[in-house]
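Work through the exercises below with the sequence and the structure in view. Try each task before reading its solution.

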Amino acid sequence: MAKVVTVFGATGTQGGGVANALLEDPEFKVRIVTRSASSDKAKALQERGAEVIEGNFDDASSLERALQGAHGTFVMTQHSFEVPDSDQLEIKQLEDGTYELSLSKWRVDCCLGLTSPDFAMEGAAEHGVSVTDSGFAVRAIFQNRAEWLGRTVGFSAEKLTIQQHADILSKHLAPRVFKSTKMTSDAFSKLPFPGAKHLGDMFKFLRLGNPDYSPELTRQLYPGTRGLDQWVADNREALLNALSNSTT
Ligand SMILES: NC(=O)c1ccc[n+]([C@@H]2O[C@H](COP(=O)([O-])OP(=O)(O)OC[C@H]3O[C@@H](n4cnc5c(N)ncnc54)[C@H](OP(=O)(O)O)[C@@H]3O)[C@@H](O)[C@H]2O)c1
């Protein structure tokens with residue numbers, strides 16, 4: 001019988017990569033949790049075979065339904081800039097097979113994909129990985145659970161500076177030219193939008209804190225993990241379309 005894996009955030013960017021990878025493997029039955037089962041993204045996943053549970057991190061009983069009988073779960077936590085320390089979801093499986101759930105404080109997130117903004121890194125390099133590829137890396141953990149249980153893996157394809165990002169984009173998307181911005185994390189913190197201070201602190205942490213990401217472990221899990229150069233080449237048309245529809 002297929003093993004049920006509950007995926008939080010499956011209608012979004014990072015959880016979507018995980019749901020996509022698991023749906024391709026008949027060993028697993030994917031159960032997704034969404035606040036709206038009638039959304040287009042939830043329906044599209046259901047059409048591909050996912051079980052859809054309507055639930056919310058704020059509603060412990062819905063989480064219990066979502067986790068009932070699951071072989072494993074992928075949790076994509078949500079951070080609210082209005083409620084600092086909001087997004088650590090703790091799930092403890094109890095001996096009688098039930099779960100204890102609690103929301104406490106900020107947990108280290110995983111920076112995935114080209115969406116990760118690193119323009120306040122002050123020349124330092126930052127790790128990044130495609131969400132498609134990290135989805136397959138997560139799937140490998142579920143496939144080899146005994147080997148990976150209790151270990152921490154910081155997903156990364158490679159570490160690049162913003163100038164290297166710009167050069168790769170300019171190479172593939174010419175005649176468009178991309179340039180590195182020179183903003184400091186302190187200047188970023190003062191920008192007038194909610195969360196600017198938190199993001200500025202995050203850039204500082206990424207620059208000074210030496211977080212533990214591992215391209216080696218990521219490729220051990222998914223040898224097909226692409227660097228940015230290959231990812232941009234593979235997604236050139238989609239990027240050009242997005243840029244031509246962009247107003248900025
Ligand atoms: N993408 C990146 O590069 C990146 C980098 C660093 C950090 N992050 C952080 O990682 C988190 C997820 O990023 P993402 O890009 O994957 O986000 P996203 O594309 O906006 O997706 C968010 C997902 O979370 C679900 N969700 C939101 N609130 C929920 C709640 N209260 N209960 C249950 N599910 C809820 C949404 O499901 P429904 O709408 O269907 O309910 C959706 O599937 C965010 O906190 C983001 O700040 C992202």
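**Exercise 1: The parallel sheet**

In strand 3, I53 is the bridge partner of V33. The model is a predicted one, in which local features need pLDDT of at least 70 and side-chain atom pairs count only at pLDDT 80 or more, while totals for chains, interfaces and linings use all residues. Residues are numbered from 1 along each chain as its sequence is written.

Task: find the order in which the four strands form the open sheet.

Solution.
- Step 1. Fix the terms: helices (H or I, at least four residues) and strands (E, at least two) are DSSP runs numbered from the N terminus, and two strands pair if DSSP finds at least two bridges between them.
- Step 2. Strand 2 (residues 28–34) pairs with strand 3 in the parallel sense over four bridges. T34 stands opposite E54 in strand 3.
- Step 3. Strand 1 and strand 2 also run parallel, joined by six bridges. F8 has V33 in strand 2 as its bridge partner.
- Step 4. The order is 3-2-1-4, with parallel pairing. Strand 3 (51–54) and strand 4 (72–74) are the edge strands, each pairing on one side only.
- Step 5. From one strand to the next the twist averages 25°; axes are lines fitted to C-alpha atoms, for helices over the stretch in contact, and angles run from 0 to 180 degrees between N-to-C directions.

**Exercise 2: Burial and the core**

Task: decide whether strand 2 is largely enclosed or not, and find which element gives the most to the largest nonpolar core.

Solution.
- Step 1. A residue is buried if 20 or more other C-beta atoms, placed from the backbone, lie within 10 Å of its own, exposed if 12 or fewer, and partly exposed in between.
- Step 2. In strand 2, six of the seven residues are buried, so the strand is largely enclosed by the rest of the structure. Of the chain's 248 residues, 30% count as buried.
- Step 3. A nonpolar core is a set of buried Ala, Val, Leu, Ile, Met, Phe, Trp, Tyr and Cys residues joined through C-beta atoms within 7 Å. The largest has 33 residues, and V7, A19, L22, V30, I32 and F74 have the most contacts inside it.
- Step 4. Elements that each supply at least two residues of this core include strand 1, helix 2 and helix 4 (131–143). Helix 1 gives the most, with five residues.

**Exercise 3: One face of a helix**

Task: locate the buried residues of helix 3 (residues 60–67).

Solution.
- Step 1. L63, A66 and L67 are buried in helix 3.
- Step 2. Seen down the helix axis, the buried residues of helix 3 fall within an arc of 90°, so they line one face of the helix. The arc is that of the directions from the helix axis to the C-beta atoms.
- Step 3. After helix 3 comes G69, whose phi is positive, near 75°.

**Exercise 4: The setting of A166**

Task: is A166 buried, partly exposed or exposed, and which residues does A166 contact beyond four places in sequence?

Solution.
- Step 1. A166 lies in helix 6 (residues 162–173).
- Step 2. With 17 other C-beta atoms within 10 Å, A166 is partly exposed.
- Step 3. Leaving aside neighbours within four places in sequence, A166 is in contact with F178, K179 and S180; contact means that the C-beta atoms, placed from the backbone, lie within 7 Å.
- Step 4. K179 is 13 residues from A166 along the chain, and their C-alpha atoms are separated by 5.5 Å.

Note on methods:
Two residues are in contact if their C-beta atoms, placed from the backbone, lie within 7 Å.
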